[in-house]
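Got a protein model on your screen and wondering where to begin? Let's start with one residue and work outwards from there.

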Amino acid sequence: MTETLYSIAVEVNGAQRNGQVTARTSLVDWLREHLHLTGTHVGCEHGICGACSVMLDGEAVRSCLVYAVQADGHRVVTVEGLAPPGGGMSILQDSFCEAHGLQCGYCTPGMLIAAQALLNANPRPSEHEIRDAIAGNLCRCTGYQQIVDAIGLAAGRLSGETS
Ligand code: FES
Ligand code: FES
């Protein structure tokens, strides 16, 4: 039996992308397999680990729990979209490197998305607010403290309080 395909048009990292997807295609599968944006990782595939986090209209969401058809007409930012247009790393990404906010890196794209969504909404978060923002993102390596430090470092740099 052939599955029905649906046309979608989504702004992904600032560019309009069109696709043909089945009703059950998840957003993460469309991003990774059709657009080849493999920076977004797949972990549990049922909404627990946060590795697949992307921003949908500015909100961090788990793209394994969003159907691609639900993103039709909306704006998605993946980890690839966090880097500055000219290349290199964003202040947030650089802060993760400097504060040792990653080890194996599997959780890192989701952590960066959760952190960026937080900083967009709250440029000077408290440590409690940082921990709350990443509470749904699992990391098996770091023990979380370096990630919290990295986000705090980025917040200070972005607000001009820290170099
Ligand atoms: S892969 Fe989506 S939450 Fe784990
Ligand atoms: S750095 Fe390995 S899971 Fe977070």
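Find M89 first: setting aside neighbours within four places in sequence, M89 is in contact with P84, D94 and C97. M89 sits in the loop between strand 5 (75-77) and helix 2. With a relative accessibility of 46%, M89 counts as partly exposed. Keep in mind that you're looking at a predicted model.

**The whole chain**

Now zoom out. How many helices and strands are there in the chain? There are 5 helices and 5 strands. Reading from the N terminus, the elements go β-β-α-β-β-β-α-α-α-α. The radius of gyration of the chain is 16 Å, close to the 15 Å that the globule rule gives for 163 residues, so the chain is as compact as a globular protein of that length. Measured out along the principal axes, the C-alpha atoms fill a box of roughly 55 × 30 × 25 Å.

What about inside and outside? Of the 163 residues, 45% count as buried. The chain exposes about 8,400 Å², and carbon and sulfur atoms supply 50% of that area. Take the contacts between residues at least 6 apart in sequence: 55% of them join residues at least 24 apart. As for charge, the chain has 9 positive and 16 negative charges, and the mean positions of the two sets are 3 Å apart.

**Two hairpins**

Next, the strands. Strand 1 (residues 6-12) and strand 2 (residues 15-21) run antiparallel, joined by 7 bridges. A9 has N18 in strand 2 as its bridge partner. These two strands form a hairpin with 2 residues between them, and N13 in the turn has a positive phi of about 50 degrees.

There's another hairpin further along. Strand 3 (residues 53-56) pairs with strand 4 (residues 59-62) in the antiparallel sense, over 4 bridges. Here too, 2 residues lie between the strands, and D57 in the turn has a positive phi of about 50 degrees. Across this pairing, M55 stands opposite A60, and L56 stands opposite E59.

Strand 3 also pairs with strand 5, in the antiparallel sense over 2 bridges. In that pairing, L56 stands opposite V76. That gives L56 a partner in strand 4 and another in strand 5.

Which way do the side chains of strand 3 point? In a regular strand the side chains alternate between the two faces of the sheet. In strand 3, S53 and M55 point one way, V54 and L56 point the other way, and all are buried.

**A look at R62**

R62 is found in strand 4. Is R62 buried or partly exposed? At 22% relative accessibility, R62 counts as partly exposed, because buried means under 20%. Leaving out residues up to four places away in sequence, R62 touches G47, I48, C49, G50, C52 and G136. G73 is 11 residues from R62 along the chain, and their C-alpha atoms are separated by 18 Å.

**Around the helices**

Most residues other than glycine have a negative phi. That makes positive values worth a look in the loops. H100, in the loop between helix 2 (91-98) and helix 3, has a phi near 55 degrees, a positive value in a residue other than glycine. Y144 lies in the loop between helix 4 (127-133) and helix 5 (145-158). The phi of Y144 is near 75 degrees, again positive in a residue other than glycine.

Then there's T108, which has its place in helix 3 (residues 108-121). Not counting residues up to four places away in sequence, T108 touches F96 and L102.

How do these three residues and M89 come out on accessibility? Here they are side by side.

| Residue | Relative accessible area | Class |
|---|---|---|
| T108 | 10% | buried |
| Y144 | 25% | partly exposed |
| M89 | 46% | partly exposed |
| H100 | 56% | exposed |

The cut-offs explain the labels: T108 is buried because its 10% is under 20%, and H100 is exposed because its 56% is over 50%. Y144, at 25%, counts as partly exposed, and so does M89, at 46%.

Definitions and conventions:
Residues numbered from 1 in each chain as written. Chains lettered and ligands numbered in written order. Predicted model: local features only at pLDDT ≥ 70, side-chain atom pairs only at ≥ 80, totals over all residues. Heavy atoms only, no water. Pairing = 2+ DSSP bridges. Rg over C-alpha atoms; globule rule 2.2 N^0.38 Å. Buried < 20%, exposed > 50% of the residue type's maximum accessible area, 1.4 Å probe, protein only. Contact = heavy atoms within 4.5 Å. Areas by Shrake-Rupley, 256 points an atom, 1.4 Å probe, with all protein chains shown as cover. Lys, Arg positive; Asp, Glu negative; His and termini not counted. Charge placed at Lys NZ, Arg CZ, Asp CG, Glu CD.
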